[in-house]
Amino acid sequence: TTAIQVPTPAPVPASAPVQKRIPSEPAEEECGPTKHTLPPLGENERALPCPQAWEQISKHPKFDDADIDQLCAEMKSKAKCSGHGPVIPVSDIDKLMSKLDQ
C-alpha cells in the first residue's frame, strides 16, 4: 500500500490578530468612517474610548456600591461614534462620576 501524504498547512504567525466578539454586541466597524449606529461625536467634544472610560469610573471610591447593570446601561446610552470606534464624552463621564457620589 502507498501512504497518502497530506500537505501540512502553513503555520499562522503568532502576531496574526485573532478577532473575537460576542455575537450580540455590535462590531466595532459599525462605528467607523462608513457606518454610524451611534450618534456622532461633536466637533469640539472631548471623549475617551469606552475601555478607558470604564477604567476611570471603576477607580471611583464608591464603584463597588454601584449597580453595575445600571451603570453599563447608562454608559451605553452615552456612547458616541468617533469615526474610529465607540467613545464616551468626558462631560458624560464626569456626570456618571458625580452620580456615584450620591
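This report describes a sheet, the helices packed on it, and one pocket.

## Basis of the model

The model is predicted: local features need pLDDT of at least 70 and side-chain atom pairs count only at pLDDT 80 or more, while totals for chains, interfaces and linings use all residues. Residues are numbered from 1 along each chain as its sequence is written, and side-chain values use heavy atoms, without hydrogens and water.

## The sheet

Three strands (DSSP E runs of at least two residues, numbered from the N terminus) form an open sheet in the order S1-S3-S2, with antiparallel pairing; strands pair if DSSP finds at least two bridges between them. Strand S1 (47-49) and strand S2 (80-81) are at the edges with a single partner strand each, so one side of each has no neighbour in the sheet.

S2 and strand S3 (residues 86-89) run antiparallel and are joined by two bridges. Cys-81 stands opposite Pro-86 in S3.

## Helices on the sheet

Helix H1 (residues 50-58) packs on the sheet and touches S1 and S3, contact meaning heavy atoms within 4.5 Å. The direction of H1 makes about 100 degrees with that of S1; axes are lines fitted to C-alpha atoms, for helices over the stretch in contact, and angles run from 0 to 180 degrees between N-to-C directions. Helices are DSSP H or I runs of at least four residues.

Helix H3 (residues 90-101) also packs on the sheet, touching S1 and S3, and its direction makes about 65 degrees with that of S3.

## The lining of a pocket

Helix H2 (68-78) and H3 each supply at least two residues of the lining of the second largest pocket. A pocket is an open set of points on a 1 Å grid over the protein atoms alone, where a 1.4 Å probe fits, with protein on both sides within 12 Å along at least five of seven lines; lining residues have an atom within 4 Å of a point. Among the lining residues are Lys-62, Gln-70, Leu-71 and Leu-96.
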